[in-house]
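Visitor: Before we begin, I should like to understand how the descriptive terms are justified. Could you take me through the reasoning?

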Amino acid sequence: MRWEGDRQSDNIEDRRGDGGGGGGFGIGGGTVGIGTIVVALLGSWFFGVSPSTILSLLSGGSPAQVQQAPAHPPANDRETQFVRTVLGYTEDTWSQIFRANGATYSPPRLVLYSGRTSTGGCGMGQSAVGPFYCPADRKVYIDLTFFRMMQQRFHVGGEFTQAYVIAHEVGHHVQNLLGISGKVDSARQHLSEREANAASVRLELQADCFAGVWAYHTNQAKQIIEQGDVESALNAASAIGDDALQRQSRGEVVPDSFTHGTSAQRVRWFTRGLQTGSVEQCNTFEARQL
Ligand SMILES: [Zn+2]
């Protein structure tokens with residue numbers, strides 16, 4: 001995938017290093033990792049200060065600061081630049097599509113974190129559930145170790161595959177803006193579990209189709225796709241489980257690995273978006289065959 005030198009989005013929060021990896025504990029609203037606690041305990045042992053004093057120093061600032069305004073600017077490594085560039089592509093593409101339909105696109109923010117992090121209304125984000133979108137605070141959450149895990153465990157990867165994952169999450173944001181996820185959420189409350197799962201599948205497949213629409217338009221504008229890219233992304237679509245769907249009513253991140261459609265369905269809808277570049281082609285809710 002070719003992306004170097006293109007615009008990088010500023011809609012990014014880099015929380016890595018704010019709380020450390022491993023399990024975290026919310027203290028005073030901030031997130032503190034196990035590592036920090038160990039340091040704090042060692043610190044109090046060696047320096048003779050109470051652990052809570054050191055913890056408050058290490059977790060730093062008010063809860064609002066921890067969540068809303070990261071203490072440090074985003075890192076500037078290649079991986080971060082890549083994520084910011086892909087997010088920038090989604091902003092350009094969706095702004096253009098919304099404008100063409102007489103609407104205005106308001107982009108999501110993307111949170112980079114490690115281990116665990118708090119969300120604004122979707123419970124604790126944990127890297128174990130993979131990347132996810134929280135409709136309540138309109139943020140995409142990604143722990144980049146997920147991409148490494150994808151590579152190691154499923155042997156799928158490459159930058160275009162990672163871009164597809166990000167575009168899928170942004171696809172959920174688009175569904176949120178269009179009111180689709182809201183409708184599905186309220187409908188779900190009157191449905192049996194099986195019907196509710198079926199609705200979730202359609203929502204997930206539509207996000208895949210939106211990711212394809214994104215890829216089509218971005219490639220038209222920026223020629224990002226290189227040989228083998230699409231094959232790797234399709235490989236990933238059929239190999240990996242998806243993000244956990246956010247259950248706002250329950251206020252927690254629920255992994256639901258059974259509600260993302262079959263591999264063949266995911267490949268089909270991503271391809272459909274990629275080939276047509278048309279949002280209208282992504283109406284999974286009225287499709288007779290998924
Ligand atoms: Zn999803």
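Guide: Buried means a relative accessible area under 20%, exposed means over 50%, and partly exposed lies in between. The model is predicted.

Visitor: Why is Thr161 called buried?

Guide: The relative accessible area of Thr161 is 0%. The limit for buried is under 20%, so Thr161 is buried. Thr161 lies in helix α6, residues 159-177.

Visitor: What makes the approach of the Thr161 side chain to the backbone oxygen of Gly157 a polar contact?

Guide: The side chain of Thr161 reaches that oxygen of Gly157 at 2.8 Å, and the limit for a polar contact is 3.5 Å. Apart from neighbours within four places in sequence, Thr161 is in contact with Met150, Ser232, Ala233 and Ala236.

Visitor: Why is Arg138 called partly exposed?

Guide: Its relative accessible area is 39%. Partly exposed covers the range between 20% and 50%, so Arg138 is partly exposed. Arg138 sits in the loop between β7 (132-134) and β8 (139-142), and has a positive phi of about 55 degrees although it is not a glycine.

Visitor: How do you know that the span of helix α8 agrees with its number of residues?

Guide: At 1.5 Å a residue, the 30 residues of α8 (193-222) should span 44 Å; the end C-alpha atoms are 43 Å apart, which agrees. Just after α8, Gln223 takes a positive phi of about 50 degrees, although Gln223 is not a glycine.

Visitor: Which residues of helix α7 (residues 180-188) are buried, and what puts them on the same side?

Guide: Ile180, Ser181, Val184 and Arg188 are buried. They cover an arc of only 95 degrees around the axis, and therefore lie on the same side of α7.

How values were computed. Residues numbered from 1 in each chain as written. Predicted model: local features only at pLDDT ≥ 70, side-chain atom pairs only at ≥ 80, totals over all residues. Heavy atoms only, no water. Helix = DSSP H or I, 4+ residues; strand = E, 2+ residues; numbered from the N terminus. Buried < 20%, exposed > 50% of the residue type's maximum accessible area, 1.4 Å probe, protein only. Polar contact = N/O pair within 3.5 Å; in protein donor to acceptor, adjacent residues only side chain to side chain. Contact = heavy atoms within 4.5 Å. Expected span 1.5 Å × (residues − 1). Arc of directions from axis to C-beta.
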